[in-house]
Amino acid sequence: EYRNILTVTDHLDPMTNPPLRIAPGSTYTHLEQNTTRPNVEGPYQFRWVVQGVNYYYLFFSGGACCNDPDKLEPSGEEYRISVCRSESPSGPFKDQQGKLCAGENGGTLVLASHGDVYAPGGQGVFWDPDQQSVVLYYHYVKPSVGYGYGQFFFGWNRLSFEGGWPRLFLDFLDFLVLGGVVDYLLDVIDRFNGLWINDWDD
């Protein structure tokens, strides 16, 4: 939420039928609040077993999502995806350094701006049977294309939970794309083609 506060009902609280709202009298649990970011939103809880332990991971987006090119936030303050975890769906959620997500501005970085990927966020997480992997999906801005809402891109990456904390799973192709190698090679090819055409015309 834009108020920097995320609350959910306890997972055993009843829902109305149809489930459009929480039943009257239900209690709420404060899960996450971060005062160091312009806003925190898009919470998404995902359960995964690591070495026999059920962990609940709270993924969230923090920072400034979008703006005009001449009004961008300082580097590091734009949208990015972070995570905290708990052994209970109602918390307490802590980051990898042991900071609470609620009250201590906790949050371990999962994905931030890099190369031609700017302000990734609005995420979700699911198990993809085709990939045989947990997948993180999100929207992002591609500066080489534009910053308008209609120019946003959809991105996804496989996640590894080795060591108990989610991180991007990088195979060789992921490395090429995320490292900007592919964009660099395409730019070189474009430049080479342009020179070749110009020489041919002469």
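In which strand is leucine 111 found? Select leucine 111 and see: the residue is found in strand 6. Keep in mind throughout that this is a predicted model.

**Stop 1: the whole chain**

Zoom out before going further. The chain has two helices and ten strands. Read along the sequence, the order is β-β-β-β-β-β-β-β-β-β-α-α. Colour by accessibility next. Of the 202 residues, 37% count as buried. Then turn to a contact map. Take the contacts with a separation of 6 or more: residues 24 or more positions apart account for 51% of them.

**Stop 2: leucine 111**

Return to leucine 111 in strand 6. Its relative accessibility is 3%, so leucine 111 counts as buried, the cut-off being under 20%. Now show what surrounds the side chain and backbone. Leaving aside neighbours within four places in sequence, leucine 111 is in contact with Arg80, Ile81, Pro120, Leu136, Tyr138, Asn157 and Leu168. Add serine 82 to the selection. Leucine 111 and serine 82 are 29 residues apart in sequence, and their C-alpha atoms are 7.0 Å apart in space.

**Stop 3: the largest nonpolar core**

Select Phe59, Leu136, Leu159 and Phe161. The largest nonpolar core has 19 residues, and these four touch the most other members. Strand 3 (40-50), strand 4 (53-62), strand 5, strand 6 and strand 8 (133-141) each supply at least two residues of this core. Which strand gives the largest share? Highlight strand 8: four residues of the core come from there.

A separate core lies apart from this one. That other core has six residues, among them Tyr56, Cys84, Phe93 and Cys101. Two of these names come back at the disulfide stop.

**Stop 4: phenylalanine 161**

Stay with phenylalanine 161. The residue is found in the loop between strand 9 (153-160) and strand 10 (167-168). Is phenylalanine 161 buried or exposed? At 9% relative accessibility, phenylalanine 161 counts as buried. Display its contacts, skipping residues up to four places away in sequence. The list is Phe46, Trp48, Val50, Tyr57, Phe59, Val134 and Pro166. Draw a line to tryptophan 48. The C-alpha atoms of phenylalanine 161 and tryptophan 48 are separated by 8.4 Å, with their positions 113 residues apart along the chain.

**Stop 5: the disulfide**

How many disulfides does a search of the whole structure find? The search finds one. Select cysteine 84 and cysteine 101, which the disulfide joins with an S to S distance of 2.1 Å. Set a dihedral about the S-S bond. The torsion is about 85°, so the disulfide is right-handed. Follow the backbone away from each end. Cysteine 84 lies in strand 5 (residues 80-86), and cysteine 101 in the loop between strand 5 and strand 6 (108-111), so the pair ties together parts that are 17 residues apart in sequence. Switch on the surface. Cysteine 84 counts as buried at 0% relative accessibility. Cysteine 101 is buried too, with a relative accessible area of 0%.

**Stop 6: glutamine 123**

Move to strand 7 (residues 118-128), where glutamine 123 lies. What is the relative accessible area of glutamine 123? The value is 5%, so glutamine 123 is buried. Now add serine 61. A polar contact of 2.4 Å joins the side chains of glutamine 123 and serine 61.

**Stop 7: the cavity**

Rolling a probe the size of a water molecule over the atoms shows where empty space is left. Here, a search of the whole structure finds one cavity of 30 Å³ or more. About 40 Å³ of space lies in the largest cavity. To frame the view, select the lining: Ala64, Cys65, Cys66, Asn67, Leu72, Glu73 and Tyr118.

**Stop 8: two positive phi values**

Open a Ramachandran plot and pick asparagine 105. Its phi is near 55°, a positive value in a residue other than glycine. In the model, asparagine 105 sits in the loop between strand 5 and strand 6. Asparagine 105 is partly exposed, with a relative accessible area of 28%.

Pick glutamine 132 next. Phi of glutamine 132 is near 55°, again positive in a residue other than glycine. Where does glutamine 132 lie? Look in the loop between strand 7 and strand 8. At 57% relative accessibility, glutamine 132 counts as exposed.

Key:
Residues are numbered from 1 along each chain as its sequence is written. This is a predicted model: local features need pLDDT of at least 70, side-chain atom pairs count only at pLDDT 80 or more; totals for chains, interfaces and linings use all residues. Side-chain values use heavy atoms; hydrogens and water are left out. Buried means under 20% relative accessible area, exposed over 50%, partly exposed in between (1.4 Å probe, protein chains only). A polar contact is a pair of N or O atoms within 3.5 Å; within protein, one must be able to donate a hydrogen and the other to accept it, and residues adjacent in sequence count only if both atoms are side-chain atoms. A disulfide is a pair of cysteine sulfur atoms within 2.5 Å. A nonpolar core is a set of buried Ala, Val, Leu, Ile, Met, Phe, Trp, Tyr and Cys residues joined through side-chain atoms within 4.5 Å. Contact means heavy atoms within 4.5 Å. On a 1 Å grid over the protein atoms alone, a cavity is a set of points where a 1.4 Å probe fits but cannot get out, and a pocket is an open set with protein on both sides within 12 Å along at least five of seven lines; lining residues have an atom within 4 Å of a point. Grid points are joined across faces, edges and corners, and a volume is the space filled by probe spheres set on the points.
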